[in-house]
Amino acid sequence: MGIITIDKCDHLFWLGRYTDRVHTTLKYYLKTADLMIDSDPDYYSVLCKKVGIPDIYGSSENFKKKYPFDETDPNSIISSLNRAYDNAIVMRDYIGTETMAYIQLAIDDVKTAEKSNAPIADLILVIDHILAFWGCVNDMIDDEQIRNIIKLGKGIERLDLYLSLDNPVYEVKRTYKRMKGFLIKSKLRYDESIIYTIDSMMKDSEFNYSNVKNLLRNLIQE
Amino acid sequence: MDDLIKKSETINKLLARYGVKFGIYKNGEFKEQLFPFDPIPRIIKHDEFTYLEKGLTQRVDALNCFLADIYGPKHIVKDGIIPEEFIFSAKGFLAPCDGVTPPKNIYSHISGIDLVQSKDNNWYILEDNLRVPSGASYPMIARDLQRRGAPEAFSDNSVLDNRNYADLLKEVMDHVNTGGINVILSPGRYNAAFFEHSYLAEKTGAVLTTGKDIVCENDNLYYIDYNGRKQRVGAVYRRISDEYLDPMTFYEESVIGIPHIFEAYRKGNVALINAPGNGVADDKGIYYFVPKMIRYYLSQDAVLMNALTYLPYYEKDMRYVLDNFDKLVIKDVAEAGGYGVVFGSSLTAEKKEEFIALLKSQPRRFIAQEVIDFYDLDILDESGKSVPRKADLRAFVLSGDTTRVWPSGLTRFSRNPDSFIVNSSQGGGFKDTWVLSQ
């Protein structure tokens, strides 16, 4: 392809971010749904707080029904998936119809799960198709820079969510290391001093998640 | 064929999987919906296609000659073949294009010619679309998916492969390219045909753009990357209409065009596919004169017939139209997409009176045609039963090094048993068009 404009970089980057937002929050939703069965029925409010979304659900039942499926809720999983689709559809010439199809299939999975008599179980298909999407990105997109911009979006989103969700340090470090690799290979402009600072923080096993999260916000330069 | 019918659900699932959709605005809201697909193909026999190919090539060649003449010496007007008011009052005639010669002197690179077959098996041209005809991508991807879903249908029948459309399109773009990359200029995600724009970009290797990343400098077009590096653009397959193409030359409030693109084109530094100003040739009023153009420019008789058409502009035709109003279909020349079409028999006495007053006051605005008794094609209805419906065929003719007819086309059908309107924006569906190789 050879030439990528600012707009296209933006779409690729956010395609990666939204796709991983669906993947990571869905996995956390499944874990939350499990905890709500017999451990903590109100655990959903912990998820809302950690992810930084308003708790508009009022009950665990409502949360289970709305968080994955409600298209009018901008923070729902289906809304993130629709945003991924919005970014994918304008990049068909770069990512290909085959790759795009997995985003469409994931949307179809959510809609099918909503009508199913076992919606939570059926949502696992969304994860299958998101993983297939990533497989397709690796396998079918020849341009290395395009692949790396999408993966950079994925890496930053995952890191941001892991920091928010208090994932273990080793997972955060591993995710950061992978993201950094994509950042360098993406050839996008970024603030090197932020990487230097985070690198230093990562050497400390007690590093502050919130500080890293704030630094990440300003990493990529326009 | 049975295989295709049996597998229609699978094929529809595949079409959904690959996002074969079109956009539509309803109550001011944009919605994407699947383009209804019918598994029973239209079948065109080899000899019949040879005949159509001859007629379509001839027609498009004549239309290209006409455009070169109208924006050049205007012999056809001077020789009295077409009255000048039909040229200069046509909405599609663009004065800024006068005297501009496009690269390789080709105006209509992609022509969508709409035909219908009547019950007596004759083919009639319904209209020419020489601006931004859309629809080729749908049968192209549908064929690909049908071959996966129902391979036996294709191993048992000798069907010409239609998946070469993108190759033909790329050849046209490369042929007129003035040096640089090929781009497809789309109004954006919320255009009805965005699927097609993005799919053709993918399949031709052209860059899909909404124009925001293209600039014109020193009368050349450049595509700009995220680091500010420029790459020259040699051909623009633009899917936006003339008036929005360049705010400096046409509609000044256009936000989807590229400022100064027309100047680059005028100086021969970029090819615009199709050329601006083509609307003068696909005007419904000009349609009447196409057989005369064929005789005038090519010294041949038209192979394919127009539907019998009357121009109320001529007094004799006006009299005929008024005397036979109830059996005619009247079309507003400024409308498209199935809009502005009135069947005389469908009007109440009051509406008829109003319409006739309008017709008399603006005779140049309308044409009248005899209603063609369409040859119906079978489609599967919602219960899976085969039922006859009105259908047309949009044939795609590509003009580059030579003029070629794509061996397929978009067959659109009405889903409403009482309707002649096949347009997707009005609920129509599509089916594959098979051209047999022997």
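# Strand pairing, cores and contacts in chains A and B

Me: Which residue of β16(B) stands opposite Tyr310(B)?

Reply: In this predicted model, Tyr310(B) faces Ala368(B), a residue of β16(B).

Me: How do you know that β13(B) and β16(B) pair?

Reply: Pairing requires at least two bridges between the strands. β13(B) is joined to β16 (residues 366–370) of chain B by two bridges, so the criterion is met. The two strands run antiparallel.

Me: What makes β14 of chain B a partner of β16(B)?

Reply: Set against the minimum of two bridges, strand β14 (residues 328–332) of chain B has five bridges to β16(B), in the antiparallel sense. Within this pairing, Asp332(B) has Phe366(B) of β16(B) as its bridge partner.

Me: Why are β13 and β15 of chain B said to stand at the edges?

Reply: The open sheet has four strands in the order β13-β16-β14-β15 (chain B), with antiparallel pairing. β13 (309–310) and β15 (341–343) of chain B each have a single partner strand, so each has one side without a neighbour in the sheet.

Me: Why is β16(B) called largely enclosed?

Reply: A residue counts as buried when 20 or more other C-beta atoms lie within 10 Å of its own. Four of the five residues of β16(B) are buried, and the strand is therefore largely enclosed by the rest of the structure. For chain B as a whole, 47% of the 438 residues count as buried.

Me: What makes chain B as compact as a globular protein of its length?

Reply: Chain B contains 15 helices and 22 strands. Its radius of gyration is 22 Å, and the globule rule gives 22 Å for 438 residues; the two values are close, so chain B is as compact as a globular protein of that length. Along the principal axes, its C-alpha atoms fill a box of roughly 60 × 55 × 45 Å. Among contacts in chain B with a separation of 6 or more, 70% are between residues 24 or more positions apart.

Me: How do you know that domain 1 and domain 2 of chain B touch?

Reply: Contact means C-beta atoms within 7 Å. On that basis, 12 residues of domain 1 of chain B are in contact with nine residues of domain 2 of chain B. Helix α12 (residues 284–287) of chain B supplies the largest share of the domain 1 side, three residues. That side divides into three nonpolar, five polar and four charged residues. The domain centres, taken over C-alpha atoms, are separated by 28 Å.

Me: Which residues touch the most other members of the largest nonpolar core, and why is this core said to lie between the domains of chain B?

Reply: The core has 167 residues, and those touching the most other members are Val22(A), Ala88(A), Phe66(B), Val236(B), Val270(B), Ile273(B) and Ala395(B). Helix α3 (residues 46–70) of chain B gives the most to this core, 10 residues. Domain 1 (2–301 + 382–435) and domain 2 (308–370) of chain B both give residues to this core, so it lies between them.

Me: Which element supplies the largest share of the side of chain A that touches chain B?

Reply: The contact involves 16 residues of chain A and 17 residues of chain B. At least two residues of the chain A side come from each of α1 (6–38), α5 (92–95) and α6 (97–115) of chain A. The largest share, five residues, belongs to α6(A). The chain A side consists of nine nonpolar, four polar and three charged residues.

Notes
Residues are numbered from 1 along each chain as its sequence is written. Chains are lettered from A and ligands numbered from 1 in the order in which they are written. This is a predicted model: local features need pLDDT of at least 70, side-chain atom pairs count only at pLDDT 80 or more; totals for chains, interfaces and linings use all residues. The radius of gyration is taken over C-alpha atoms; the globule rule is 2.2 Å times the number of residues to the power 0.38. A residue is buried if 20 or more other C-beta atoms lie within 10 Å of its own, exposed if 12 or fewer, and partly exposed in between; C-beta atoms are placed from the backbone. Two residues are in contact if their C-beta atoms, placed from the backbone, lie within 7 Å. Domain bounds come from an automatic or database domain assignment. Ala, Val, Leu, Ile, Met, Phe, Trp, Tyr, Cys and Pro count as nonpolar, Asp, Glu, Lys and Arg as charged, and the others, Gly among them, as polar. A nonpolar core is a set of buried Ala, Val, Leu, Ile, Met, Phe, Trp, Tyr and Cys residues joined through C-beta atoms within 7 Å.
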